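Work through the exercises below with the sequence and the model open. Try each task before reading its solution.

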Amino acid sequence: MATTLRERYVPKSVNPMRMDPPGTVTSMPSPNRMHHLHIFSDENYDAMVTFYQRLFNAEIVAVNEEMGPPLTFLTYDDHDHRVVIIKKPGWGAKPENKVGVSHLAFCYASLGELIYVYKRMKEWGYPPPHWTVNHGNSTSFYYTDPDGNEVETMLDNYSTLDTQTYKRHYQFTEEFGPMREGNFDPDKMVELYESGVPESILLDREEVRRMVREGTL
Ligand SMILES: [Fe+2]
């Protein structure tokens, strides 16, 4: 019977995704996925933890206070952590108009999921997304966390390679038109979705522009 934590929780042997013998990696690799987001916070630390717990339907895997101010590790899938919030006492608020990461975007599987998240965040009393737009390639809702970081929840409107072709050759052309014409009212989007208007309409930028012009979206 296992008696130590190591015996209980640590696998007998490491087991990485792949083991490449020396000399077999012969070209520059790219990452295979993004793993986690690491955020410093101060006065809003608790609100930040709650925000990401709610937005991502995440759970707290560990809280580490060994080094003083706490770090909270959250996950929303089988990875050990996806978001870490680190308390930095005395660091104050995030300055405005600074260069650096502008936002991270998280893919969802369907418009129904994006809408569900939108409705829940609204019920919890968070400010509405500051931008909701059909970019053509994606349908995106942009939230702001309690410290002022932007988080995009999005859905690819086409298969991934089709969205890449869309961006390379179409998105910023005259034919595409001004990006702002894809801006929509999220509450009207919820209404249309719940009244049964199909995704073939609601995710199509041309249809979105038309409905926005007509005032229905
Ligand atoms: Fe984005």
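Two strands pair if DSSP finds at least two bridges between them. Helices (H or I, at least four residues) and strands (E, at least two) are DSSP runs, numbered from the N terminus. The model is predicted: local features need pLDDT of at least 70, side-chain atom pairs count only at pLDDT 80 or more, and totals for chains, interfaces and linings use all residues. Residues are numbered from 1 along each chain as its sequence is written, and side-chain values use heavy atoms, with hydrogens and water left out.

**Exercise 1.** Describe the pairing of strands β2 and β3.

*Solution.* Start with the ranges: β2 covers residues 59-64 and β3 covers residues 71-75. Next, the sense: they run antiparallel, over five bridges. Check one bridge: Ile 60 is partnered with Leu 74 in β3. Finally, the connection: β2 and β3 make a hairpin with six residues between them. In its turn, Gly 68 has a positive phi of about 115 degrees.

**Exercise 2.** Do the same for β6 and β7.

*Solution.* β6 spans residues 131-134 and β7 spans residues 138-144. Their pairing is antiparallel, with four bridges. Trp 131 stands opposite Tyr 142 in β7. Three residues lie between the strands of this hairpin. Gly 136 in the turn has a positive phi of about 95 degrees.

**Exercise 3.** Characterise the interface of domain 1 and domain 2.

*Solution.* Set the bounds, which come from an automatic or database domain assignment: domain 1 is 35-90 and domain 2 is 103-214. Their centres, taken over C-alpha atoms, are 27 Å apart. Each domain brings 15 residues to the contact (heavy atoms within 4.5 Å).

Now the area. Buried area is the accessible area (1.4 Å probe) that two parts lose on being put together, summed over both. Here the domains bury about 1300 Å², with 68% on carbon and sulfur atoms. In domain 1, Phe 51, Arg 54 and Leu 55 lose the most area to domain 2, together 49% of what that side buries.

Then the polar terms. Five residue pairs, both at pLDDT 80 or more, are in polar contact (N or O atoms within 3.5 Å; within protein, one able to donate a hydrogen and the other to accept it; residues adjacent in sequence count only if both atoms are side-chain atoms).

Last, the elements. β1 (37-41) and α2 (45-55) each supply at least two residues of the domain 1 side. α2 gives the most, with seven residues.
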